[in-house]
Amino acid sequence: MVTLRQLRYLSALARHGHFGRAADACAVTQPALSMQIAELERTLGVKVVERRPGEVFLTEIGREITRRGEELLSGARDLVDFARHRAQALTGRLTLGVIPSLAPYLLPKVLPLLQQRYPELRLELRESQTRQLVADVGSGALDAALLALPVGIRDLETIALFDDEFLLAVPADDPRPETATVAVDEIDQSRLILLEDGHCLRDQALAFCATARNRAINMGGAGTATFGASSLTTVIQMVAGGYGVTLIPQIAADVERRDTRVKFLRMRRPQPGRTIGLVFRKTSPRRHDFEVLGEMVQQGVSRAPAPQAEPA
């Protein structure tokens, strides 16, 4: 009989492509994991993995078995969640993904509220890009994720939480006053510094500016070069150094404005921005938990300093 343990080991093997790394992820020895995979193959009567020195590949049938197995694992996790969490909201373990352009700015506002009001919650956080978080929520590796909507996946459900407008970050010596507003056609796109490819914030900024996805960036007049950063803090440091300008979400600007070498200008209407929401599986029995979590996020954001009003 195929066991959930075997399916979990197979899923880890598919994810890591290596017996040793998969065993580490499952907190077992490599021989124990290898033995369970071999037993799975004997039970099913097919080869699910192709073994090569130092690496492992799934066979075609192995990929399909993995996909179906992950559906069973997700259902098993939902069953446990249903039994454990139906009495009280936000108790026990909850795995939550957050995109990098949100995590360092939102979590300090929300985590203290959760610790104060839901002390029995054991929150496990993972910071990653949108594509990976969506895949992990869908497979059951994560319970939910905080990211920019929409995600456009049929099996996932979303709760919109708040709108996050974009500001234009410029060096402090920019001649425009902070009360000025900027139109999109006034942005020198050759000086636009963005996060590296794969970040949804990069895609949103490029879509707003209607530029090519891999547009070159002028680095301080010394010719053109591409620049990709993995954090908004790094991008802001580039702006502070006079290398260009960037679009930054309001929630990040509230923190990054501590650097006096940078100032933030509002965009003219219609103002660009993103909608932040919570994403989870439609089949998850923890919807009430996610609704309560969403309320905590909204309360945390509402405690942030209010943005300055746009001049009439």
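Leaving aside its neighbours within four places in sequence, which residues is Met1 in contact with? I would like to start there, at the very beginning of the chain, and I should say at once that what we are looking at is a predicted model. The answer is that Met1 is in contact with Gln6 and Thr43, once those neighbours within four places are set aside. Met1 belongs to the segment that comes before helix 1, which runs over 4-16, and with a relative accessible area of 85% this residue is exposed. Its C-alpha is 8.7 Å from that of Leu44, although Met1 and Leu44 are 43 residues apart in sequence.

Let me step back to the chain as a whole. There are 10 helices and 14 strands in the chain, and of its 312 residues, 47% are buried. If we take the contacts between residues at least 6 apart in sequence, 73% of them join residues at least 24 apart.

As for confidence, the mean pLDDT of the chain is 86, with 89% of the residues reaching 70 or more. There are stretches to treat with care, however: over residues 211-226 the pLDDT is below 50, and the model nevertheless gives this stretch 34 contacts beyond near neighbours in sequence. Residues 306-312 also have pLDDT below 50, and here the model has 11 contacts beyond near neighbours in sequence.

Now to two of the helices, beginning with helix 1. Its 13 residues should span 18 Å at 1.5 Å a residue, and the end C-alpha atoms are 18 Å apart, so the expected and modelled spans agree. The buried residues of helix 1 are Gln6, Leu7, Tyr9, Leu10, Ser11, Ala12 and Leu13, and Gln6, you will remember, is one of the contacts of Met1. After helix 1 comes Gly17, which has a positive phi, near 65 degrees.

Helix 10, over residues 287-302, can be put to the same kind of check: its 16 residues should span 22 Å at 1.5 Å a residue, and since its end C-alpha atoms are 23 Å apart, the two agree. Within helix 10, the buried residues include Asp289, Phe290, Val292, Leu293 and Gly294, and further along Met296, Val297, Gly300 and Val301.

Met296 brings us to Arg117, which lies in helix 5, residues 103-117. Not counting residues up to four places away in sequence, Arg117 touches Met296, Gln299 and Arg303. Is Arg117 itself buried, exposed or partly exposed? With a relative accessible area of 37%, Arg117 is partly exposed, because that value falls between the 20% and 50% limits. The C-alpha atoms of Arg117 and Leu90 are 9.5 Å apart, with their positions 27 residues apart in sequence.

Leu90 deserves a closer look for its backbone. Most residues other than glycine have a negative phi, whereas Leu90 has a positive phi, near 50 degrees. Leu90 sits in the loop between helix 4 and strand 3, and at 1% relative accessibility it counts as buried. Ala27 has a positive phi too, near 60 degrees, and is placed in the loop between helix 2 and helix 3, the latter covering 30-44. Unlike Leu90, which is buried, Ala27 counts as exposed, at 68% relative accessibility.

Staying with the backbone, I turn to the peptide bonds, most of which are trans as a general matter. Leu149 and Pro150 are joined by a cis peptide bond, with omega about 0 degrees, and Pro150 is found in the loop between strand 5 (144-149) and strand 6 (156-171). A cis peptide bond also joins Arg269 and Pro270, with omega about -5 degrees, and Pro270 lies in the loop between strand 13 (262-267) and strand 14 (273-281).

Finally, the largest pocket, whose volume is about 1200 Å³. How many residues line it, and which of them lie nearest its centre? The lining has 39 residues, and nearest the centre are Arg77, Ser139, Gly140, Ala141 and Leu142. Helix 4 gives the most to this lining, with 12 residues, while the elements that each supply at least two residues include helix 1, helix 2 (19-26), strand 3 (92-98), strand 4 (121-127) and helix 6 (130-139). By residue class, the lining of the largest pocket divides into 17 charged, 12 nonpolar and 10 polar residues.

Terms used:
Residues are numbered from 1 along each chain as its sequence is written. This is a predicted model: local features need pLDDT of at least 70, side-chain atom pairs count only at pLDDT 80 or more; totals for chains, interfaces and linings use all residues. Side-chain values use heavy atoms; hydrogens and water are left out. Helices (H or I, at least four residues) and strands (E, at least two) are DSSP runs, numbered from the N terminus. Buried means under 20% relative accessible area, exposed over 50%, partly exposed in between (1.4 Å probe, protein chains only). Contact means heavy atoms within 4.5 Å. On a 1 Å grid over the protein atoms alone, a cavity is a set of points where a 1.4 Å probe fits but cannot get out, and a pocket is an open set with protein on both sides within 12 Å along at least five of seven lines; lining residues have an atom within 4 Å of a point. Grid points are joined across faces, edges and corners, and a volume is the space filled by probe spheres set on the points. Ala, Val, Leu, Ile, Met, Phe, Trp, Tyr, Cys and Pro count as nonpolar, Asp, Glu, Lys and Arg as charged, and the others, Gly among them, as polar. pLDDT is the predictor's confidence in each residue, from 0 to 100. The expected span of a helix is 1.5 Å times one less than its number of residues.
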